[in-house]
Amino acid sequence: MTSPTPDLSHFWMPFTANRRFKDAPRLFESAKGMYYTTVDGRQVLDGTAGLWCVNAGHGREEIVQAVAAQMSKMDFAPTFQMGHPLAFEAASKVAELMPAGLDRIFFTNSGSESVDTALKIVLAYHRARGEGQRTRFIGRERGYHGVGFGGISVGGIGANRKTFSGNLMPNVDHLPHTLNLAEGAFTRGQPAWGAHLADELERLLTLHDASTIAAVIVEPLAGSTGVLVPPKGYLERLRELCTKHGILLIFDEVITGFGRLGTPTASAYFNVKPDLITLAKAINNAAIPMGAVAVSRQLHDTVMNGAAENAIELFHGYTYSGHPVAAAAAIATLDLYQKEGLFARAQSLSADFENAAHELKGAPHVKDIRNLGLVAGIELETRSGEPGARAHEVFVKCFEKGVLLRYTADILAFSPPLIINRDEIGRIFSTVREVLREVK
(Lines give C-alpha, C1' and ligand atoms only; values in the text may rest on other atoms or scores of the structure.)
Protein backbone atom coordinates (compact mmCIF):
# COMPACT_ATOMS: atom_id res chain seq x y z
CA MET A 1 0.00 0.00 0.00
CA THR A 2 1.29 3.44 -0.89
CA SER A 3 1.84 5.70 2.12
CA PRO A 4 0.34 9.18 1.94
CA THR A 5 2.80 11.92 1.03
CA PRO A 6 3.43 14.12 4.05
CA ASP A 7 3.37 17.90 3.99
CA LEU A 8 6.78 18.72 2.48
CA SER A 9 6.72 22.46 3.08
CA HIS A 10 8.18 22.71 6.58
CA PHE A 11 11.41 20.68 6.36
CA TRP A 12 14.24 22.77 4.90
CA MET A 13 16.36 19.95 3.51
CA PRO A 14 20.17 19.98 3.77
CA PHE A 15 22.39 20.02 0.65
CA THR A 16 19.30 19.63 -1.52
CA ALA A 17 17.72 21.56 -4.37
CA ASN A 18 14.57 21.84 -2.26
CA ARG A 19 12.20 23.17 -4.92
CA ARG A 20 13.19 20.50 -7.44
CA PHE A 21 12.99 17.72 -4.85
CA LYS A 22 9.56 18.76 -3.57
CA ASP A 23 8.25 18.85 -7.13
CA ALA A 24 9.14 15.15 -7.47
CA PRO A 25 10.01 13.72 -4.04
CA ARG A 26 11.92 10.49 -3.49
CA LEU A 27 10.88 9.12 -0.09
CA PHE A 28 12.06 6.03 1.77
CA GLU A 29 9.84 4.32 4.31
CA SER A 30 11.97 1.45 5.62
CA ALA A 31 15.33 -0.26 5.21
CA LYS A 32 16.78 -3.71 5.77
CA GLY A 33 20.11 -5.21 4.83
CA MET A 34 21.20 -3.84 1.45
CA TYR A 35 17.85 -2.33 0.54
CA TYR A 36 15.64 0.68 1.14
CA THR A 37 11.90 0.48 0.55
CA THR A 38 10.16 3.55 -0.86
CA VAL A 39 6.80 4.85 0.29
CA ASP A 40 5.24 3.28 -2.80
CA GLY A 41 6.70 -0.14 -1.97
CA ARG A 42 9.68 -0.33 -4.34
CA GLN A 43 12.98 -1.83 -3.17
CA VAL A 44 16.11 0.22 -3.89
CA LEU A 45 19.59 -1.28 -3.65
CA ASP A 46 21.73 0.96 -1.47
CA GLY A 47 24.91 1.73 -3.41
CA THR A 48 26.01 4.47 -1.00
CA ALA A 49 25.64 3.01 2.52
CA GLY A 50 23.04 5.70 3.14
CA LEU A 51 25.44 8.63 3.16
CA TRP A 52 28.78 6.78 3.32
CA CYS A 53 27.78 5.60 6.80
CA VAL A 54 25.69 2.41 7.10
CA ASN A 55 28.65 0.06 6.72
CA ALA A 56 27.02 -2.96 8.42
CA GLY A 57 23.81 -2.71 6.40
CA HIS A 58 20.40 -1.51 7.50
CA GLY A 59 18.25 -2.65 10.38
CA ARG A 60 20.85 -4.81 12.15
CA GLU A 61 19.12 -6.47 15.08
CA GLU A 62 22.19 -6.32 17.33
CA ILE A 63 22.23 -2.52 17.05
CA VAL A 64 18.45 -2.19 17.29
CA GLN A 65 18.40 -4.22 20.50
CA ALA A 66 21.30 -2.31 22.03
CA VAL A 67 19.60 1.02 21.33
CA ALA A 68 16.22 -0.14 22.62
CA ALA A 69 17.73 -1.58 25.79
CA GLN A 70 19.68 1.57 26.54
CA MET A 71 16.69 3.84 25.87
CA SER A 72 14.63 1.88 28.38
CA LYS A 73 17.45 1.91 30.94
CA MET A 74 18.75 5.48 30.65
CA ASP A 75 17.92 7.85 27.81
CA PHE A 76 20.46 10.55 28.65
CA ALA A 77 23.25 11.32 31.07
CA PRO A 78 25.48 14.40 31.07
CA THR A 79 29.21 14.07 30.46
CA PHE A 80 30.04 17.54 31.81
CA GLN A 81 31.48 16.81 35.27
CA MET A 82 29.55 13.52 35.27
CA GLY A 83 29.77 10.29 33.33
CA HIS A 84 28.29 6.92 32.49
CA PRO A 85 30.08 3.62 31.79
CA LEU A 86 29.08 3.24 28.13
CA ALA A 87 30.93 6.37 27.04
CA PHE A 88 34.17 4.98 28.47
CA GLU A 89 33.53 1.51 27.02
CA ALA A 90 32.79 2.96 23.59
CA ALA A 91 35.96 5.07 23.74
CA SER A 92 38.01 1.96 24.56
CA LYS A 93 36.54 0.06 21.61
CA VAL A 94 37.21 2.93 19.20
CA ALA A 95 40.76 3.26 20.55
CA GLU A 96 41.43 -0.43 19.85
CA LEU A 97 40.84 0.21 16.14
CA MET A 98 43.02 3.31 15.88
CA PRO A 99 46.73 3.41 15.00
CA ALA A 100 49.05 2.73 17.92
CA GLY A 101 49.15 5.69 20.26
CA LEU A 102 46.05 7.45 18.95
CA ASP A 103 44.01 6.15 21.84
CA ARG A 104 42.49 9.23 23.46
CA ILE A 105 38.95 9.67 22.16
CA PHE A 106 36.82 12.83 22.28
CA PHE A 107 33.20 12.19 21.29
CA THR A 108 31.17 14.53 19.09
CA ASN A 109 27.90 14.19 17.18
CA SER A 110 28.97 14.57 13.55
CA GLY A 111 31.92 14.84 11.23
CA SER A 112 31.59 18.61 11.18
CA GLU A 113 31.87 18.74 14.96
CA SER A 114 34.80 16.32 14.86
CA VAL A 115 36.73 18.63 12.54
CA ASP A 116 36.10 21.76 14.60
CA THR A 117 37.04 19.79 17.72
CA ALA A 118 40.30 18.61 16.16
CA LEU A 119 41.23 22.17 15.18
CA LYS A 120 40.63 23.37 18.74
CA ILE A 121 42.64 20.51 20.23
CA VAL A 122 45.53 21.43 17.94
CA LEU A 123 45.48 25.05 19.10
CA ALA A 124 45.25 23.99 22.74
CA TYR A 125 48.20 21.65 22.28
CA HIS A 126 50.49 24.28 20.78
CA ARG A 127 49.54 26.78 23.45
CA ALA A 128 50.20 24.23 26.21
CA ARG A 129 53.68 23.56 24.86
CA GLY A 130 54.58 27.23 24.61
CA GLU A 131 54.12 27.71 20.87
CA GLY A 132 50.92 29.71 20.89
CA GLN A 133 52.01 31.49 17.70
CA ARG A 134 51.14 28.33 15.74
CA THR A 135 47.64 29.34 14.69
CA ARG A 136 47.58 28.81 10.91
CA PHE A 137 45.95 25.78 9.29
CA ILE A 138 46.62 24.31 5.89
CA GLY A 139 43.76 22.52 4.14
CA ARG A 140 43.48 21.40 0.53
CA GLU A 141 41.51 22.37 -2.56
CA ARG A 142 38.46 20.15 -3.07
CA GLY A 143 38.68 19.07 0.55
CA TYR A 144 35.43 18.61 2.47
CA HIS A 145 35.60 18.93 6.23
CA GLY A 146 31.99 19.52 7.13
CA VAL A 147 29.96 22.68 7.54
CA GLY A 148 31.15 24.34 10.74
CA PHE A 149 33.00 27.60 10.23
CA GLY A 150 36.25 25.81 10.99
CA GLY A 151 35.47 23.02 8.58
CA ILE A 152 34.49 25.22 5.67
CA SER A 153 37.53 27.43 6.32
CA VAL A 154 40.01 24.57 5.98
CA GLY A 155 37.81 22.93 3.34
CA GLY A 156 38.28 23.65 -0.32
CA ILE A 157 34.86 23.59 -1.99
CA GLY A 158 34.02 26.95 -3.49
CA ALA A 159 30.25 26.50 -3.32
CA ASN A 160 30.53 25.52 0.33
CA ARG A 161 32.49 28.67 1.15
CA LYS A 162 31.26 31.55 -0.99
CA THR A 163 28.06 32.45 0.90
CA PHE A 164 30.03 32.64 4.15
CA SER A 165 33.35 33.86 2.76
CA GLY A 166 33.36 37.07 4.77
CA ASN A 167 33.22 35.20 8.06
CA LEU A 168 35.62 32.30 7.55
CA MET A 169 38.55 31.69 9.88
CA PRO A 170 41.63 33.81 9.17
CA ASN A 171 45.08 32.28 8.87
CA VAL A 172 44.14 29.43 6.56
CA ASP A 173 45.77 28.39 3.29
CA HIS A 174 45.33 25.44 0.95
CA LEU A 175 47.39 22.85 -0.85
CA PRO A 176 46.43 22.00 -4.44
CA HIS A 177 44.21 18.97 -4.97
CA THR A 178 45.76 15.85 -6.48
CA LEU A 179 43.41 14.96 -9.34
CA ASN A 180 44.96 15.18 -12.81
CA LEU A 181 43.07 13.37 -15.57
CA ALA A 182 45.77 14.12 -18.15
CA GLU A 183 48.20 12.06 -16.07
CA GLY A 184 45.98 9.50 -14.39
CA ALA A 185 42.57 8.98 -15.99
CA PHE A 186 41.10 5.50 -15.45
CA THR A 187 43.71 4.59 -12.84
CA ARG A 188 42.93 1.52 -10.78
CA GLY A 189 43.78 2.35 -7.19
CA GLN A 190 46.43 4.96 -6.40
CA PRO A 191 47.78 7.06 -9.29
CA ALA A 192 51.51 6.85 -9.94
CA TRP A 193 51.68 10.59 -10.69
CA GLY A 194 51.30 13.33 -8.11
CA ALA A 195 53.39 12.65 -5.00
CA HIS A 196 55.32 15.84 -5.72
CA LEU A 197 52.18 17.89 -5.02
CA ALA A 198 52.84 17.36 -1.32
CA ASP A 199 55.95 19.51 -1.74
CA GLU A 200 53.64 22.49 -2.25
CA LEU A 201 53.55 22.49 1.53
CA GLU A 202 57.18 23.67 1.50
CA ARG A 203 56.16 26.66 -0.63
CA LEU A 204 53.39 27.57 1.81
CA LEU A 205 55.80 27.23 4.72
CA THR A 206 58.16 29.67 3.05
CA LEU A 207 55.30 32.10 2.49
CA HIS A 208 53.85 31.92 6.00
CA ASP A 209 56.84 30.79 8.15
CA ALA A 210 56.72 27.20 9.36
CA SER A 211 56.74 28.31 12.99
CA THR A 212 53.24 29.76 12.55
CA ILE A 213 51.64 26.60 11.12
CA ALA A 214 49.53 24.59 13.58
CA ALA A 215 48.37 21.68 11.43
CA VAL A 216 47.69 20.31 7.99
CA ILE A 217 44.30 18.65 7.50
CA VAL A 218 43.48 16.37 4.57
CA GLU A 219 41.18 13.50 3.75
CA PRO A 220 43.41 10.50 2.99
CA LEU A 221 40.86 9.70 0.29
CA ALA A 222 38.48 12.54 -0.56
CA GLY A 223 34.97 11.21 -1.02
CA SER A 224 32.42 14.01 -1.14
CA THR A 225 34.17 15.95 -3.91
CA GLY A 226 34.22 13.01 -6.29
CA VAL A 227 36.51 10.22 -4.99
CA LEU A 228 40.02 11.68 -5.18
CA VAL A 229 42.50 8.88 -4.54
CA PRO A 230 45.91 9.96 -3.16
CA PRO A 231 48.92 9.43 -5.45
CA LYS A 232 51.47 6.85 -4.37
CA GLY A 233 53.86 8.43 -1.89
CA TYR A 234 51.80 11.60 -1.42
CA LEU A 235 50.58 10.99 2.13
CA GLU A 236 53.97 9.67 3.15
CA ARG A 237 55.58 12.91 1.94
CA LEU A 238 53.04 15.04 3.80
CA ARG A 239 53.79 13.14 6.99
CA GLU A 240 57.53 13.62 6.47
CA LEU A 241 57.21 17.37 5.94
CA CYS A 242 54.88 17.88 8.91
CA THR A 243 57.24 15.97 11.19
CA LYS A 244 60.22 17.96 9.90
CA HIS A 245 58.60 21.30 10.72
CA GLY A 246 56.79 20.43 13.96
CA ILE A 247 53.37 20.64 12.28
CA LEU A 248 50.54 18.34 13.31
CA LEU A 249 48.83 16.19 10.67
CA ILE A 250 45.08 15.59 10.83
CA PHE A 251 43.46 12.87 8.75
CA ASP A 252 39.76 13.46 8.17
CA GLU A 253 38.45 9.90 8.13
CA VAL A 254 34.77 10.62 8.53
CA ILE A 255 34.24 8.60 5.33
CA THR A 256 37.22 6.20 5.34
CA GLY A 257 37.00 5.17 8.99
CA PHE A 258 35.63 1.74 9.94
CA GLY A 259 36.26 -0.48 6.97
CA ARG A 260 35.64 1.51 3.82
CA LEU A 261 39.10 0.60 2.49
CA GLY A 262 39.14 -2.85 4.06
CA THR A 263 41.03 -1.68 7.16
CA PRO A 264 39.90 0.01 10.37
CA THR A 265 41.26 3.34 9.11
CA ALA A 266 42.80 4.76 5.96
CA SER A 267 45.83 5.46 8.11
CA ALA A 268 46.26 1.70 8.48
CA TYR A 269 45.65 1.14 4.77
CA PHE A 270 48.33 3.62 3.70
CA ASN A 271 50.59 2.92 6.70
CA VAL A 272 50.81 6.64 7.45
CA LYS A 273 50.08 7.73 11.01
CA PRO A 274 48.67 11.22 11.61
CA ASP A 275 48.47 12.97 14.96
CA LEU A 276 44.68 13.19 15.02
CA ILE A 277 41.91 11.37 13.16
CA THR A 278 38.39 12.75 12.79
CA LEU A 279 35.63 10.13 12.71
CA ALA A 280 31.83 9.86 12.42
CA LYS A 281 29.37 8.12 10.06
CA ALA A 282 30.14 4.38 10.38
CA ILE A 283 31.30 4.65 14.01
CA ASN A 284 27.87 3.32 15.03
CA ASN A 285 26.39 2.48 11.63
CA ALA A 286 24.67 5.89 11.64
CA ALA A 287 22.04 4.57 14.05
CA ILE A 288 22.31 7.64 16.30
CA PRO A 289 24.29 10.81 15.45
CA MET A 290 27.86 10.35 16.70
CA GLY A 291 31.39 11.36 15.84
CA ALA A 292 34.80 11.31 17.49
CA VAL A 293 38.34 12.56 17.36
CA ALA A 294 41.14 10.09 18.00
CA VAL A 295 44.08 11.99 19.47
CA SER A 296 47.62 10.86 20.09
CA ARG A 297 48.40 10.19 23.73
CA GLN A 298 51.28 12.66 23.57
CA LEU A 299 48.99 15.50 22.45
CA HIS A 300 46.40 14.59 25.06
CA ASP A 301 48.92 14.44 27.88
CA THR A 302 50.48 17.77 26.88
CA VAL A 303 47.10 19.50 27.11
CA MET A 304 46.31 17.73 30.40
CA ASN A 305 49.63 18.64 31.99
CA GLY A 306 49.57 22.20 30.70
CA ALA A 307 46.51 23.14 32.72
CA ALA A 308 46.37 24.19 36.33
CA GLU A 309 45.54 21.46 38.81
CA ASN A 310 41.79 20.75 38.99
CA ALA A 311 41.12 23.09 36.06
CA ILE A 312 39.13 22.13 32.97
CA GLU A 313 41.97 21.24 30.64
CA LEU A 314 40.10 21.65 27.32
CA PHE A 315 37.29 24.20 27.46
CA HIS A 316 35.21 22.46 24.83
CA GLY A 317 32.37 19.95 24.52
CA TYR A 318 28.84 19.19 23.39
CA THR A 319 25.71 18.38 25.38
CA TYR A 320 25.53 15.04 23.57
CA SER A 321 29.24 14.08 23.71
CA GLY A 322 29.26 10.38 24.53
CA HIS A 323 25.45 10.20 24.52
CA PRO A 324 24.48 6.88 26.17
CA VAL A 325 22.23 5.67 23.33
CA ALA A 326 24.78 6.63 20.68
CA ALA A 327 27.48 4.91 22.73
CA ALA A 328 25.37 1.74 23.00
CA ALA A 329 24.95 1.77 19.22
CA ALA A 330 28.70 2.24 18.76
CA ILE A 331 29.57 -0.68 21.02
CA ALA A 332 27.12 -2.97 19.24
CA THR A 333 28.35 -1.81 15.83
CA LEU A 334 32.05 -2.24 16.56
CA ASP A 335 31.35 -5.70 17.99
CA LEU A 336 29.38 -6.53 14.84
CA TYR A 337 32.21 -5.43 12.56
CA GLN A 338 34.55 -7.76 14.43
CA LYS A 339 32.15 -10.68 14.75
CA GLU A 340 31.34 -10.72 11.02
CA GLY A 341 34.82 -9.75 9.80
CA LEU A 342 33.35 -6.95 7.74
CA PHE A 343 36.61 -5.08 7.20
CA ALA A 344 38.22 -8.23 5.78
CA ARG A 345 35.08 -8.79 3.72
CA ALA A 346 35.42 -5.32 2.20
CA GLN A 347 39.03 -6.08 1.36
CA SER A 348 38.09 -9.38 -0.29
CA LEU A 349 35.45 -7.67 -2.45
CA SER A 350 37.57 -4.68 -3.49
CA ALA A 351 38.95 -6.33 -6.65
CA ASP A 352 35.45 -7.30 -7.83
CA PHE A 353 34.22 -3.81 -7.05
CA GLU A 354 37.14 -2.27 -8.97
CA ASN A 355 36.61 -4.52 -11.99
CA ALA A 356 32.88 -3.84 -12.10
CA ALA A 357 33.43 -0.08 -11.94
CA HIS A 358 36.13 -0.06 -14.62
CA GLU A 359 33.99 -2.12 -16.98
CA LEU A 360 32.17 1.16 -17.59
CA LYS A 361 35.21 2.55 -19.40
CA GLY A 362 33.98 3.31 -22.89
CA ALA A 363 30.35 3.65 -21.82
CA PRO A 364 28.59 6.80 -23.07
CA HIS A 365 29.70 10.06 -21.41
CA VAL A 366 32.31 8.42 -19.10
CA LYS A 367 35.31 10.70 -18.69
CA ASP A 368 37.16 8.94 -15.85
CA ILE A 369 36.84 6.11 -13.34
CA ARG A 370 38.71 6.01 -10.04
CA ASN A 371 38.47 3.67 -7.08
CA LEU A 372 39.97 2.32 -3.89
CA GLY A 373 38.56 -0.27 -1.50
CA LEU A 374 34.76 -0.15 -1.65
CA VAL A 375 34.71 3.38 -3.05
CA ALA A 376 34.40 4.36 -6.68
CA GLY A 377 33.83 7.54 -8.63
CA ILE A 378 32.72 7.79 -12.25
CA GLU A 379 33.19 11.22 -13.79
CA LEU A 380 30.95 12.14 -16.69
CA GLU A 381 31.42 14.63 -19.49
CA THR A 382 29.59 17.83 -18.62
CA ARG A 383 26.83 19.08 -20.88
CA SER A 384 27.63 22.47 -22.34
CA GLY A 385 26.23 25.13 -20.03
CA GLU A 386 24.62 22.57 -17.71
CA PRO A 387 27.11 21.49 -15.06
CA GLY A 388 25.79 18.62 -12.98
CA ALA A 389 22.69 18.08 -15.08
CA ARG A 390 23.80 14.80 -16.64
CA ALA A 391 24.84 13.26 -13.30
CA HIS A 392 21.55 14.34 -11.74
CA GLU A 393 19.62 12.66 -14.53
CA VAL A 394 21.65 9.46 -14.10
CA PHE A 395 21.01 9.60 -10.34
CA VAL A 396 17.24 9.93 -10.79
CA LYS A 397 16.99 7.24 -13.49
CA CYS A 398 19.06 4.79 -11.42
CA PHE A 399 16.76 5.44 -8.46
CA GLU A 400 13.77 4.72 -10.67
CA LYS A 401 15.41 1.44 -11.71
CA GLY A 402 16.05 0.48 -8.08
CA VAL A 403 19.65 1.55 -7.40
CA LEU A 404 20.74 4.39 -5.11
CA LEU A 405 23.96 6.24 -5.89
CA ARG A 406 25.31 9.70 -5.09
CA TYR A 407 26.53 12.48 -7.29
CA THR A 408 28.47 15.70 -6.93
CA ALA A 409 28.80 17.98 -9.95
CA ASP A 410 29.08 15.44 -12.79
CA ILE A 411 30.70 12.71 -10.72
CA LEU A 412 28.81 9.60 -9.64
CA ALA A 413 29.95 8.12 -6.31
CA PHE A 414 29.55 4.60 -4.94
CA SER A 415 30.21 3.34 -1.39
CA PRO A 416 27.92 0.40 -0.58
CA PRO A 417 27.49 -1.30 2.80
CA LEU A 418 30.29 -3.77 3.49
CA ILE A 419 27.77 -6.63 3.48
CA ILE A 420 27.24 -6.28 -0.28
CA ASN A 421 27.70 -9.43 -2.42
CA ARG A 422 29.14 -9.85 -5.89
CA ASP A 423 25.77 -10.06 -7.60
CA GLU A 424 24.72 -6.77 -6.02
CA ILE A 425 27.98 -5.14 -7.10
CA GLY A 426 27.24 -6.27 -10.63
CA ARG A 427 23.71 -4.94 -10.46
CA ILE A 428 24.83 -1.47 -9.36
CA PHE A 429 27.18 -0.96 -12.29
CA SER A 430 25.04 -2.73 -14.89
CA THR A 431 22.20 -0.39 -13.97
CA VAL A 432 24.50 2.59 -14.40
CA ARG A 433 25.57 1.29 -17.82
CA GLU A 434 21.95 0.89 -18.85
CA VAL A 435 21.10 4.42 -17.73
CA LEU A 436 24.16 5.94 -19.42
CA ARG A 437 22.88 4.54 -22.71
CA GLU A 438 19.57 6.33 -22.15
CA VAL A 439 20.73 9.81 -21.19
CA LYS A 440 21.95 12.40 -23.65
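## The four-stranded sheet

Two strands count as paired if DSSP finds at least two bridges between them. With that in hand, have a look at β3 and β13 in this predicted model. Strand β3 covers residues 43-46, and its pairing with β13 runs in the parallel sense over two bridges. One pair to click on is Asp46 with Leu404, its bridge partner in β13.

That pairing belongs to an open sheet of four strands, ordered β1-β2-β3-β13, in which the pairing is mixed. At the edges sit β1 (28-32) and β13 (403-404), and each of them pairs on one side only. As background, sheet strands pair through backbone hydrogen bonds, and the sense can be parallel or antiparallel.

## The seven-stranded sheet

There's also an open sheet built from seven strands, again with mixed pairing; reading across, the order is β4-β10-β9-β8-β7-β5-β6. The edge positions go to β4 (104-108) and β6 (172-175). Each has a single partner strand, so one side of each is left without a neighbour in the sheet. Ignoring direction, neighbouring strands here are turned by 20° against each other on average.

Inside this sheet, β8 (residues 248-252) pairs with β9 (residues 276-279) in the parallel sense, over three bridges. Ile250 is a handy entry point: its bridge partner in β9 is Leu276. Helix α4, spanning residues 85-97, packs on the sheet and touches both β4 and β9. The direction of α4 makes about 120° with that of β4.

## Two helices that cross

For a pair of packed helices, the usual description is the angle between the axes plus the distance between them. Here the pair is α15 (residues 389-400) and α16 (residues 422-438), which pack at an angle of about 125° with their axes 9 Å apart. The two helices are therefore oblique to each other, and their crossing is right-handed.

Which residues make the contact between α15 and α16? On the α15 side they are Val394, Lys397 and Cys398. From α16 come Thr431, Val432, Val435, Leu436 and Glu438.

## Cysteines without a bond

How many disulfides does a search of the whole structure find? Zero. Cys53 is in no disulfide, and the nearest cysteine sulfur, in Cys398, is 20 Å away. Looking from the other end, the sulfur of Cys398 has Cys53 as its closest cysteine, and 20 Å is too far for a bond. The cut-off for calling a disulfide is a sulfur pair within 2.5 Å.

Are these two cysteines buried or exposed? Cys53 is buried, with a relative accessible area of 10%. Cys398, which also takes part in the α15 and α16 contact, counts as buried at 0% relative accessibility.

## Two positive phi angles

If you like checking backbone torsions, start with Asp209. Its phi is near 80°, a positive value in a residue other than glycine. Asp209 lies in the loop between α9 (200-208) and β7 (213-218), and β7 is one of the strands in the seven-stranded sheet. At 41% relative accessibility, Asp209 counts as partly exposed.

His365 is another non-glycine residue with a positive phi, near 75°. Where does His365 lie? His365 is in the loop between α14 (342-358) and β11 (366-372). With a relative accessibility of 22%, His365 counts as partly exposed; the buried class covers values under 20%.

Key. Residues numbered from 1 in each chain as written. Predicted model: local features only at pLDDT ≥ 70, side-chain atom pairs only at ≥ 80, totals over all residues. Heavy atoms only, no water. Buried < 20%, exposed > 50% of the residue type's maximum accessible area, 1.4 Å probe, protein only. Axes fitted to C-alpha atoms, helices over the stretch in contact; angles between N-to-C directions. Parallel < 35°, antiparallel > 145°, perpendicular 65-115°, else oblique. Left-handed = near helix turned anticlockwise from the far one by under 90°. Contact = heavy atoms within 4.5 Å.
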